[in-house]
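Q: Pick one spot in this structure and give me a close look at it, then work outwards from there. Keep it chatty, but give me the cut-offs as you go.

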Amino acid sequence: MKKDGHTHTRLSHHGSQEPLDLYLERAIELGFTDYVVTEHAPLPESFLATYAGPRSQDDDSAMLASELVAYKEEVARVKEKYGEKIRIHQGFEVDYLPGYEAETQAFLQENADWIDEIVLSVHFLENDYGLIGPIDYDPDQLKRFFSTGLQDPQALFNKYLTAVQQSIDFDTGLSTPVRIGHITLIRKFQKYFDFPGFDQENQQKITAILTSILEKGYELDVNAAGLRKEFCGESYPNSTILHQAVDLQVPMTYGSDAHEVADLGLVYNELSAIINEKQ
Ligand SMILES: [Zn+2]
Ligand SMILES: [Zn+2]
C-alpha cells in the first residue's frame with residue numbers, strides 16, 4: 001500500500017485552482033494505491049462570526065458550508081472516474097477549536113455516513129487578549145496575534161502543544177479513523193523568528209501527545225508540508241520526533257498536505273523509510 005492520507009482541493013481557497021482530476025492522475029502516476037481527500041471542513045458559524053483573522057474570497061481557511069455539497073459531488077465524481085486505479089477515501093481535515101467542540105461534533109455527526117477518515121488539526125489559537133488567530137497564515141499574522149508569545153517561544157510552543165493534546169482528548173463521536181495533523185505546525189516560521197528547539201517540558205508534552213495518539217487508537221500525520229515552506233525546512237514533526245514515534249510504535253501515515261498537484265509525493269520515500277523502520 002502506498003497512501004497519501006492528507007490532501008486538499010481547490011475548495012481550500014488558499015491553494016491552487018487545479019481540478020481534483022489532475023491530483024488523482026498524478027497520484028496514480030506516482031504509484032499511490034490509496035488517496036484520502038481531506039479538504040478543510042467548514043468552520044463553525046459561531047467561530048466565523050467572531051474570528052478576527054484575515055479573510056477574503058481567495059484567501060480563506062476552509063471550504064464554505066455552502067460548498068459542502070459540491071465537495072462531496074466532486075469526490076464522488078473522481079471515485080467513479082479513477083476508482084479502478086486508486087482507492088479514494090472520503091475525508092475532511094477538521095479543525096480542533098477549543099470552545100467550539102459541540103459544533104464540531106454536530107458537523108461530524110451530520111456527515112458520519114460520508115466520512116471514511118479524518119485529519120484532526122490545530123490551526124488557530126486564542127491569544128492573550130481572547131482573540132483567536134491563525135498560527136500558520138504568515139509571519140505578520142503570527143506577530144499580530146502572538147507578539148507576547150514570540151518573546152517567549154517555549155510558552156507559544158506549549159500553548160500549541162496543549163491544544164494538540166486537547167484535540168486528541170476531544171470526543172469526535174465517530175468510530176472512523178483519526179489522524180492528528182501536523183503536530184509541530186507552530187514551527188512553520190521557525191527560521192523567520194529564529195526559534196529554538198523544544199525545551200524539556202515541551203519535549204515531554206510531545207511524548208505525551210505520541211502516547212495519547214497510540215492509546216486512543218489514532219494515527220500520526222507524517223506531514224511533508226513543512227519541507228516546502230521556506231521558513232520551516234522540516235517535516236511536521238521532524239525526523240527526531242518521528243524516530244521517537246517509531247520507538248513508541250505509534251501508527252503513522254504519510255501526508256503530502258498537497259495544496260497543488262506538484263506537492264504530491266514530496267519526500268514520500270524518505271518519510272516512509274522512517275515510518276517503516278523497526279525498532
Ligand atoms: Zn492543516
Ligand atoms: Zn492540510
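A: Let's start with histidine 182: at 2% relative accessibility, this residue counts as buried (buried means under 20% relative accessible area, exposed over 50% and partly exposed in between, with a 1.4 Å probe and protein chains only). Bear in mind that this is a predicted model, where local features need pLDDT of at least 70 and side-chain atom pairs pLDDT 80 or more, while totals for chains, interfaces and linings use all residues. Residues are numbered from 1 along each chain as its sequence is written, chains are lettered from A and ligands numbered from 1 in the order written, and side-chain values use heavy atoms, leaving out hydrogens and water.

Histidine 182 sits in the loop between strand 7 and helix 7 (helices, H or I with at least four residues, and strands, E with at least two, are DSSP runs numbered from the N terminus). Its phi is near 20°, a positive value in a residue that isn't glycine.

What does it do with its side chain? The NE2 of His182 joins Glu93 (OE) and His123 (NE2) in coordinating the zinc ion (ligand 1), at 2.1 to 2.2 Å. Donors here are N, O and S atoms within 2.8 Å of the metal (3.2 Å for Na, K and Ca), and since water is not among the atoms, sites may look incomplete. Along the chain, the donors are spaced as E-x29-H-x58-H. Glutamate 93 also bridges this zinc ion (ligand 1) to the zinc ion (ligand 2), with the two ions 3.3 Å apart. Glutamate 93, in strand 3 (residues 87-95), and histidine 182 come from distant parts of the chain, 89 residues apart. Like histidine 182, glutamate 93 is buried.

Moving outwards, there are 18 aromatic pairs in the structure (rings of Phe, Tyr and Trp, the last by its six-membered ring, with centres within 6.5 Å; planes under 30 degrees apart are stacked, over 60 edge-to-face and the rest tilted). The rings of tyrosine 51 and phenylalanine 124 have centres 5.3 Å apart and planes at 85°, so that pair is edge-to-face. Another long-range link, then: tyrosine 51 is in the loop between helix 2 (45-50) and helix 3 (68-82), and phenylalanine 124 is in strand 5 (residues 124-126), 73 residues apart. Both tyrosine 51 and phenylalanine 124 are buried. Phenylalanine 145 and phenylalanine 146 have ring centres 6.2 Å apart and planes at 40°, so they make a tilted pair. Phe157, Tyr192, Phe193, Phe195, Phe198 and Phe231 gather into one aromatic cluster.

For more backbone quirks, valine 267, in the loop between strand 9 and helix 10, has a positive phi too, near 45°. Valine 267 is partly exposed, with a relative accessible area of 23%. A cis peptide bond joins tyrosine 236 and proline 237, with omega about -10°. Proline 237 lies in the loop between strand 8 and helix 9.

Zooming right out, the protein chain has 10 helices and nine strands. Buried residues make up 56% of its 279 residues, and its C-alpha trace spans about 50 × 50 × 35 Å along the principal axes.
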